[in-house]
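Student: I should like a close look at a single part of this structure, namely the surface and the strands connected with it. Please give one connected account.

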Amino acid sequence: MRRYVLILLITTAAAFSASWSIGPGGLSGWPGLPCSDILEVGLLKAGIGIEYIDTDNGSILRIPLKACWGVTEGLEAGAVIPVVPVDSPFGGSVMGDITLSGGWLYEKARGGTTLKFTGRLTLPTGEKHRDTGAELAFGGVSSATFRDFRLSMSAEYALNGGRNPFDDAITDVMYFTAGGSSFVTSDILIYAGMNGSTSPVFKVGAGAQYLLYENLAVDGGLNIGLDGIENFELYTGVSWTGEGF
């Protein structure tokens, strides 16, 4: 009996480590919910998503292209390139703001609690008002596991230079997220959280991820805007993990 319990625990742990999706900025996590995990050395996780965003003035359809790479032990790098084929409110370009990010695992304590420091550079390749513009940000993510539930919280301080950081006034903004994730089965994970900023923007949402194969996962969910220009957001996506990079 103990052997079967041990096998089940190992299988669940393996599924947990293999099923990280790609979170904000292209780092480990889930859409709207970053986590403090780090992709293993030489692993590449690539994904594509579809996001439908409803606003008071119309809808936005965004297709983010995401990638996360395990650079070395305790260090990962990520990137997000958003394509925007539909933009009713702003009539903007088909390119959103490109984001480059990095994460460094600072501490891993006993019991599953970890702390990751993050850095982010957002390039003003998108549209005014629709996208955030040029930003340089630093922050941290902490995750802790309680039985089958994992709590993740993050905070990020950013300097925003708008569309032209050399001419526009530089402002500062704080971003924060809080949420949790849990496995329903060894290949189905659910997560929920809230995120916001001092800009101000505030959203709550929930989603799920299904591990189709060992290196292929799909996810989808809903975010509801409580403050800001977005009323709600529906999203779905797929991510693939490869070795030897």
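Tutor: Val71 is found in strand β5 of this predicted model. At 32% relative accessibility, Val71 counts as partly exposed, because the buried class ends at 20% and the exposed class begins over 50%. Val71 belongs to a nonpolar patch on the surface, together with Trp69, Leu75, Trp104, Tyr106, Phe117, Trp240 and Phe245. The accessible area of these residues together is about 770 Å². Two strands, β5 (58–72) and β7 (98–108), each supply at least two residues of the nonpolar patch.

Strand β5 also carries a charged residue, Arg62, which forms a salt bridge with Glu51; the closest N and O atoms are 2.9 Å apart. This pair links distant parts of the chain, for Arg62 is in strand β5 and Glu51 is in strand β4, 11 residues apart. Arg62 counts as buried because its relative accessibility is 19%, and Glu51 counts as buried at 12%.

The surface has a charged patch as well. Glu40, Glu73, Glu214 and Glu243 form a negative surface patch. Of these, Glu40 is found in the loop between β3 (33–34) and β4 (44–55). Glu40 has 52% relative accessibility and therefore counts as exposed.

The loop that holds Glu40 follows β3, and β3 is part of an open sheet of three strands in the order β1-β2-β3, with antiparallel pairing. In this sheet β1 (21–22) and β3 stand at the edges with a single partner strand each, so one side of each is left without a neighbour in the sheet. Strand β2 (residues 28–30) is joined to β3 by two bridges, and Trp30 stands opposite Leu33 in β3.

Another set of pairings involves β8, β9 and β10. Strand β8 (residues 114–123) runs antiparallel to strand β9 (residues 134–146), and nine bridges join them. Within this pairing Gly119 stands opposite Phe138 in β9. Strand β9 is in turn joined to strand β10 (residues 149–162) by 13 bridges, again in antiparallel fashion. Thr145 has Arg150 in β10 as its bridge partner. The hairpin of β9 and β10 has two residues between the strands, and Arg147 in this hairpin takes a positive phi near 55°.

Side-chain contacts also connect this region. Arg120 forms a salt bridge with Glu156, with the closest N and O atoms 3.0 Å apart. Arg120 lies in strand β8 and Glu156 in strand β10, so the pair ties together parts that are 36 residues apart in sequence. Arg120 counts as buried because its relative accessibility is 13%, and Glu156 is buried with a relative accessible area of 16%.

A further salt bridge joins Lys203 to Glu230, the closest N and O atoms being 3.5 Å apart. It links distant parts of the chain, with Lys203 in strand β13 (residues 201–213) and Glu230 in strand β15 (residues 230–242), 27 residues apart. Lys203 has a relative accessible area of 14% and is therefore buried. Elsewhere, Asp87, Arg130 and Asp131 are linked in a network of salt bridges. The search of the whole structure finds 10 salt bridges.

How values were computed: Residues are numbered from 1 along each chain as its sequence is written. This is a predicted model: local features need pLDDT of at least 70, side-chain atom pairs count only at pLDDT 80 or more; totals for chains, interfaces and linings use all residues. Side-chain values use heavy atoms; hydrogens and water are left out. Patches are made of residues with over 30% relative accessible area and no salt bridge: like charges are joined within 9 Å, nonpolar side chains (Val, Leu, Ile, Met, Phe, Trp, Tyr) within 5 Å. Accessible areas come from the Shrake-Rupley method with a 1.4 Å probe; for residues, only the protein chains shown count as cover. A salt bridge is a side-chain nitrogen of Lys or Arg within 4 Å of a carboxyl oxygen of Asp or Glu. Helices (H or I, at least four residues) and strands (E, at least two) are DSSP runs, numbered from the N terminus. Buried means under 20% relative accessible area, exposed over 50%, partly exposed in between (1.4 Å probe, protein chains only). Lys and Arg count as positive and Asp and Glu as negative; His and the chain ends are not counted. The place of a charge is taken as NZ of Lys, CZ of Arg, CG of Asp or CD of Glu. Two strands pair if DSSP finds at least two bridges between them.
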